[in-house]
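Here is my note on the structure you asked me to look over. Please read it with the sequence and the model open side by side.

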Amino acid sequence: MKTRITELFGIQHPIIQGGMHYVGFAELAAAVSNAGGLGIITGLTQRTPADLAHEIRRCREMTDKPFGVNLTFLPTVSSPDYPGYIRAIIDGGVKAVETAGNNPAKWMPVLKEAGIKVIHKCTSVRHSLKAEAIGCDAVSVDGFECGGHPGEDDIPNFILLPRAAEELKIPFVASGGMADGRSLVAALALGADGINMGTRFIATKEAPVHDNVKAAIVAASELDTRLVMRPLRNTERVLNNAAVERVLAKERELGASLKFEDIIGEVAGVYPKIMKDGTMEAGVWSCGMVAGLIHDVPSCKELIDRIMAQAEGLIRQRLAGFLAG
Ligand SMILES: Cc1cc2nc3c(=O)[nH]c(=O)nc-3n(C[C@H](O)[C@H](O)[C@H](O)COP(=O)(O)O)c2cc1C
């Protein structure tokens, strides 16, 4: 399939694996890229720029296909060494960067200078237009369904994607709730040039996370996610568990006076315990409503081949069939 996204990133299929903390290691990024999608290493999961440089080298040993790096710009007081991470990306010859969080305007000149294609993750049309205005090559439009941070507007993809299509000139991928060929065909129909998947790629053979994480996603239904940190205007969609229940109880109890420090034990530094050790109740972790559509743990190639075959079947048979006669 050829779309503006496959052309932009030089990939076979219009499928991107979104950056995911403690999931987006070289193993997953390489597996997605080898299967014809765009794999993404999560920059900030690597503790230092030197560690990221090492991870990029590892990924390159596992694939000769294009892959990218996610840079999440956090509103933190002690900012990570972003110039160092960007240097590692440029020196590592990476040609695609997925930015997320704060506006990446400050970093655009250096990224563009290095010939890097930038796709910015946005949860609203106004942020997407801002990304277009500052020179991003594409956007990843994250609807309310998405795992991780859906923003504060709560607009689901059935509205957000066609709204983005009405306004944007640059290509965009649909993100949040994408799982299969049906998602891809629907996203294309709504104006996207591809899809971005997070949660679906965690439940794959190559995702370097504990089997408990994959099992939890397969067991979960579309009813099992919750939104935490809404009072802090830092809303995150997570899989429900005992830690999430504790956070929500705190939020109800403290209302508008809730501070990050009140819940820090449940949300900060918990990813290694969950993703590596499989201690599923250790804290809150991002997961999309799409868990309800995830019933197995295929390899990335099986998953991507299946998505493309299903999409082609839907377009050629189901959709064309409605027009025949
Ligand atoms: C476990 C997990 C960790 C994530 N970590 C990040 C991250 O560090 N940076 C980022 O930009 N997005 C992160 N995301 C968001 C994904 O890249 C993607 O946008 C989102 O998962 C799409 O929604 P879906 O899960 O419904 O596919 C994360 C998502 C999950 C599920």
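**Notes on salt bridges, helices and loops**

1. E302 has a relative accessible area of 41%, and so it counts as partly exposed. Please keep in mind from the start that this is a predicted model. The side chain of E302 meets that of K205 in a salt bridge, with 3.6 Å from N to O. This pair links distant parts of the chain, since E302 belongs to helix 14 while K205 sits in the loop between helix 9 (199-202) and helix 10 (211-219), 97 residues apart. K205, for its part, is exposed, because its relative accessible area is 52% and the category of exposed begins over 50%.

2. Staying with K205, it is worth looking at S299, which touches K205 and E206 when residues up to four places away in sequence are not counted. S299 is located in the loop between helix 13 and helix 14. With a relative accessible area of 13%, S299 is buried, because the category of buried covers values under 20%.

3. Helix 14 also holds a salt bridge within itself, where the side chains of K301 and D305 meet at 2.7 Å, N to O. Why are K301 and D305 separated by about one helical turn? The reason is that they are four residues apart in helix 14. K301 is partly exposed, with 48% relative accessible area, and D305 is likewise partly exposed, with a value of 33%.

4. Further along helix 14, which spans residues 300-323, we find I315. I315 has a relative accessibility of 37% and therefore counts as partly exposed. Together with M1, L319, F322 and L323, I315 forms a nonpolar patch on the surface, and the accessible area of these residues together is about 520 Å².

5. How many salt bridges does the count come to? It comes to 18, and one that deserves a careful look is the salt bridge between R230 and D154, whose closest N and O atoms are 2.7 Å apart. R230 lies in the loop between strand 9 (225-228) and strand 10 (236-239), and D154 in the loop between strand 6 (138-142) and helix 7 (157-167), so this pair ties together parts that are 76 residues apart in sequence. R230 is partly exposed at 28% relative accessibility, and D154 is also partly exposed, at 27%. As general background, side chains of opposite charge can pair when their charged atoms come close.

6. The backbone of D154 should be checked as well, since D154 has a positive phi of about 60° although it is not a glycine. M229 is another residue to examine in this way, for it has a positive phi of about 65° and is not a glycine either. M229 is placed in the loop between strand 9 and strand 10. With a relative accessible area of 3%, M229 is buried, whereas D154 is partly exposed, with a value of 27%.

7. Turning to helix packing, two packed helices are described by the angle between their axes and the distance between the axes. For helix 2 (residues 26-34) and helix 3 (residues 49-62), the axes come within 9 Å and cross at roughly 35°. The crossing in which helix 2 passes helix 3 is right-handed. Helix 2 contributes A26, E27, A29, A30 and N34 to the contact, and helix 3 contributes E55, R58, C59 and M62. Among these residues, E27, E55 and R58 are also linked in a network of salt bridges.

8. Is V284 buried or exposed? V284 is buried, with a relative accessible area of 1%, and its place is in the loop between helix 13 (271-276) and helix 14. If residues up to four places away in sequence are left out, V284 touches E236, V238, A243, V244, V247, E266, V267, V270, Y271 and I274. V284 and G265 are 19 residues apart in sequence, and their C-alpha atoms are 9.8 Å apart in space.

Technical notes: Residues numbered from 1 in each chain as written. Predicted model: local features only at pLDDT ≥ 70, side-chain atom pairs only at ≥ 80, totals over all residues. Heavy atoms only, no water. Patch = residues over 30% accessible without salt bridge, like charges linked within 9 Å, V, L, I, M, F, W, Y side chains within 5 Å. Areas by Shrake-Rupley, 256 points an atom, 1.4 Å probe, with all protein chains shown as cover. Salt bridge = Lys/Arg side-chain N within 4 Å of Asp/Glu carboxyl O. Helix = DSSP H or I, 4+ residues; strand = E, 2+ residues; numbered from the N terminus. Buried < 20%, exposed > 50% of the residue type's maximum accessible area, 1.4 Å probe, protein only. Axes fitted to C-alpha atoms, helices over the stretch in contact; angles between N-to-C directions. Left-handed = near helix turned anticlockwise from the far one by under 90°. Contact = heavy atoms within 4.5 Å.
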